[in-house]
Amino acid sequence: MISKEELLECSVANFTAFGSKRFTMDELAQNLGISKKTIYKYYSSKEDLVVASVELLVENFNANVNTIIQNHQDPMVCIIEIYKTGFEHLKHFKPSFVFGLKKYYPKANKVFDGFRNTIVNTTIYGLLEKAQQTGIIIKTVDLDLFCELYFHRFEEIAFKNNKLFDIYSNDELLNHFVIYNLKGIS
């Protein structure tokens with residue numbers, strides 16, 4: 001019998017690769033060699049499974065963020081490493097996964113939006129504030145405006161604009177989305 005964790009990990013891998021709407025419960029059951037009834041033993045609906053999948057992605061990414069912050073004293077390095085890790089994860093996502101949450105799975109989208117807002121408005125903002133207090137960032141920079149302009153919903157821009165993750169390397173995207181902007185306020 002498959003465990004709930006194995007089911008969830010397979011769901012995450014397939015939802016991010018094919019889109020949560022496009023990848024069906026029948027396909028999931030077939031991939032795992034189980035019946036759909038087994039899936040519904042653990043999750044009452046596909047939306048519940050998509051929510052759990054997004055929660056697992058968020059939990060894993062937050063663990064990475066905490067490790068980054070613990071391992072680096074420089075707040076600017078932390079921001080760069082956080083986004084470098086984020087770009088690595090997003091490179092493996094199909095745009096339909098991110099856009100499908102909003103359109104088809106409002107509960108999962110709420111989890112994802114909450115995560116995005118916390119990362120930008122709490123984690124990144126806190127690191128920018130620390131950098132500003134220590135003189136790394138120019139004192140007159142409005143950190144709220146900076147976050148709004150450069151860090152909110154960058155993945156939608158990258159996915160919407162001709163699949164930038166397919167066209168450019170992670171290093172190029174990291175430089176243009178994050179590093180050059182941080183240099184501009186340093």
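These legends accompany an overview and several close-up views of a predicted model.

**Figure 1. The whole protein chain is built from helices, with zero strands.** The helices number 11. Read along the sequence, the pattern is α-α-α-α-α-α-α-α-α-α-α. Along the principal axes, the C-alpha atoms fill a box of roughly 60 × 35 × 25 Å. Of the 186 residues in the protein chain, 46% are buried. Among contacts with a separation of 6 or more, 71% join residues 24 or more positions apart. The exposed area is about 10,200 Å². Carbon and sulfur atoms supply 51% of that area. The charged side chains comprise 21 positive and 22 negative ones. The centres of these two sets lie 6 Å apart.

**Figure 2. Helix α2 and its buried residues.** Helix α2 spans residues 25-32. Its buried residues are M25, L28 and A29. They sit on the same side of α2, because they cover an arc of only 95° around the axis. Their packing partners are α1 (4-18), α3 (36-42) and α4 (46-71). G33 comes just after α2. This glycine takes a positive phi of about 70°.

**Figure 3. D48 in helix α4.** D48 counts as partly exposed because its relative accessibility is 27%, between the cut-offs of 20% and 50%. The side chain of D48 makes a polar contact with the side chain of S44. The distance for this pair is 2.2 Å. L101 lies 53 residues from D48 along the chain. The C-alpha atoms of D48 and L101 are separated by 12 Å.

**Figure 4. T85 in helix α5.** Helix α5 covers residues 75-90. Is T85 buried or exposed? T85 counts as buried, because its relative accessibility is 18% and the cut-off is under 20%. The side chain of T85 reaches back to the backbone oxygen of E81. That distance is 2.9 Å. Leaving aside residues up to four places away in sequence, T85 touches F61, N64 and I68.

**Figure 5. Helix α8, its buried face and its N-terminal cap.** Helix α8 runs over residues 143-150. L143, F146 and C147 are its buried residues. Seen down the axis of α8, they fall within an arc of 95°, so they line one face of the helix. Which residues does the face turned away from the buried side carry? That face of α8 carries the exposed residues D144 and L149. The cover over the buried residues of α8 includes α7 (106-133) and α11. At the N-terminal end, D142 caps α8. A side-chain oxygen of D142 lies 3.0 Å from the backbone nitrogen of D144. D144 thus appears twice in this view: as an exposed residue and as the partner of the cap.

**Figure 6. I179 in helix α11.** Helix α11 spans residues 170-184. I179 counts as buried because its relative accessibility is 15%. Which residues does I179 touch, not counting those up to four places away in sequence? The contacts are with I80 and L174. M76 is 103 residues from I179 along the chain. The C-alpha atoms of I179 and M76 are separated by 9.0 Å. Helix α11 also belongs to the previous view, where α11 is part of what covers the buried residues of α8.

Key
Residues are numbered from 1 along each chain as its sequence is written. This is a predicted model: local features need pLDDT of at least 70, side-chain atom pairs count only at pLDDT 80 or more; totals for chains, interfaces and linings use all residues. Side-chain values use heavy atoms; hydrogens and water are left out. Buried means under 20% relative accessible area, exposed over 50%, partly exposed in between (1.4 Å probe, protein chains only). Helices (H or I, at least four residues) and strands (E, at least two) are DSSP runs, numbered from the N terminus. The arc is that of the directions from the helix axis to the C-beta atoms. Contact means heavy atoms within 4.5 Å. Accessible areas come from the Shrake-Rupley method with a 1.4 Å probe; for residues, only the protein chains shown count as cover. Lys and Arg count as positive and Asp and Glu as negative; His and the chain ends are not counted. The place of a charge is taken as NZ of Lys, CZ of Arg, CG of Asp or CD of Glu. A polar contact is a pair of N or O atoms within 3.5 Å; within protein, one must be able to donate a hydrogen and the other to accept it, and residues adjacent in sequence count only if both atoms are side-chain atoms.
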